[in-house]
Amino acid sequence: MNQVRTLQACKLAGRESQPQNTVIDLKTCRLGDGQVVIIAGPCAVENEEQMLELAQSLKELGVHIIRGGAFKPRTSPYSFPGLGEEGLRILARARELTGLPVVTEVTDVRYLDLVLRYSDILQIGSRNMQNFGLLREVGRLQRPVVLKRGFSATIEEWLLAAEYILAEGNRQVILCERGIRTFETYTRNTLDVNAIPAVKELSHLPVIADPSHGTGRRSLVAPVARAAVAAGADGLMLEVHPCPDEALSDGPQSLLPVQLGQLMAELRPLAEALGRRL
Ligand code: PEP
Ligand code: MN
């Protein structure tokens, strides 16, 4: 990748157009401002009781933003697809209960109005990173958007996807490195740690990392989370489930709440050593 060419192509996402970091104020935290922001929650919202109980634990641990999927992009059409609007309602109740902002994925332009009614932050998933119609639609909103990297996308393609959103007027884009597909099959994906400092060099947008999808293995989530923070990530997105063995999606990569607590305790002194804060 030629840095000069990428910077020329990324007229709005590139650092040349804006040398200072974009800071996104989310009430409980500031993304892009030196803080290490923690986004956590289940892969999918499964039921109200479980979600509300988990949300309360996440709040007590000091999590800044709650995640939870209601519309799930699944590889197989026979896998749990999420609860749809009922999942969004439950997520909104978790927000009421905790006062924390929530993020959930919008998989299709047809669901955009619905998701907007319930969610503070929109997520565009890896599989939709180049759904240009969807990117343009979320670009017309004034709502923060987490844009996950396509699992086969180059850094330049990822930044150009962000450019679609920015070009329509929405400047609140959060880039999320969630692992790419490589020849390695031991791990589900390979979290591209390189991409974190590379994107911070090229762009003013905040960059977070998702070591849950980036590894696919619970035991690897904490070490790779630490690596991502050390590499300069502005935050982490982590899947957490009260009973991972029974999760309806992504159980093998989900942390228990107590494990998230341990990870956050490790990240605090690490952040401080790097001149940051959690
Ligand atoms: C998710 O966050 O649950 C998800 C489906 O992520 P990705 O789009 O990165 O696979
Ligand atoms: Mn998941």
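A disulfide is counted here when two cysteine sulfur atoms lie within 2.5 Å of each other. Keep in mind that this is a predicted model. With that cut-off in hand, the tally for this structure is 0 disulfides. Take Cys176: the nearest cysteine sulfur belongs to Cys43 and is 13 Å away, so with a cut-off of 2.5 Å Cys176 is in no disulfide. Both cysteines are tucked away from solvent. Cys43 has 4% relative accessibility, so Cys43 counts as buried, and Cys176, at 0%, is buried too.

Cys43 also turns up around the ligand. The residues surrounding ligand 1 are Cys43, Arg67, Lys72, Glu105, Gln123, Gly125, Ser126, Arg127, Lys148, Arg178, His213 and Glu239. By type, that shell splits into 7 charged, 4 polar and 1 nonpolar.

Where does ligand 1 sit? You'll find ligand 1 in the largest pocket. Some of the shell residues reach an oxygen atom of ligand 1 with a polar side-chain atom, as listed here:

| Side chain | Partner | Distance |
|---|---|---|
| Arg67 | oxygen atom of ligand 1 | 2.8 Å |
| Gln123 | oxygen atom of ligand 1 | 3.0 Å |
| Glu239 | oxygen atom of ligand 1 | 3.3 Å |

How much of ligand 1 does the protein bury? Taken alone, ligand 1 exposes 300 Å², and the protein buries 97% of that.

Technical notes:
Residues are numbered from 1 along each chain as its sequence is written. Chains are lettered from A and ligands numbered from 1 in the order in which they are written. This is a predicted model: local features need pLDDT of at least 70, side-chain atom pairs count only at pLDDT 80 or more; totals for chains, interfaces and linings use all residues. Side-chain values use heavy atoms; hydrogens and water are left out. Buried means under 20% relative accessible area, exposed over 50%, partly exposed in between (1.4 Å probe, protein chains only). A residue is near a molecule or strand if one of its heavy atoms lies within 4 Å of it. A polar contact is a pair of N or O atoms within 3.5 Å; within protein, one must be able to donate a hydrogen and the other to accept it, and residues adjacent in sequence count only if both atoms are side-chain atoms. Accessible areas come from the Shrake-Rupley method with a 1.4 Å probe; for residues, only the protein chains shown count as cover. On a 1 Å grid over the protein atoms alone, a cavity is a set of points where a 1.4 Å probe fits but cannot get out, and a pocket is an open set with protein on both sides within 12 Å along at least five of seven lines; lining residues have an atom within 4 Å of a point. A molecule sits in a cavity or pocket if more than half of its atoms lie within 2 Å of its grid points. Ala, Val, Leu, Ile, Met, Phe, Trp, Tyr, Cys and Pro count as nonpolar, Asp, Glu, Lys and Arg as charged, and the others, Gly among them, as polar.
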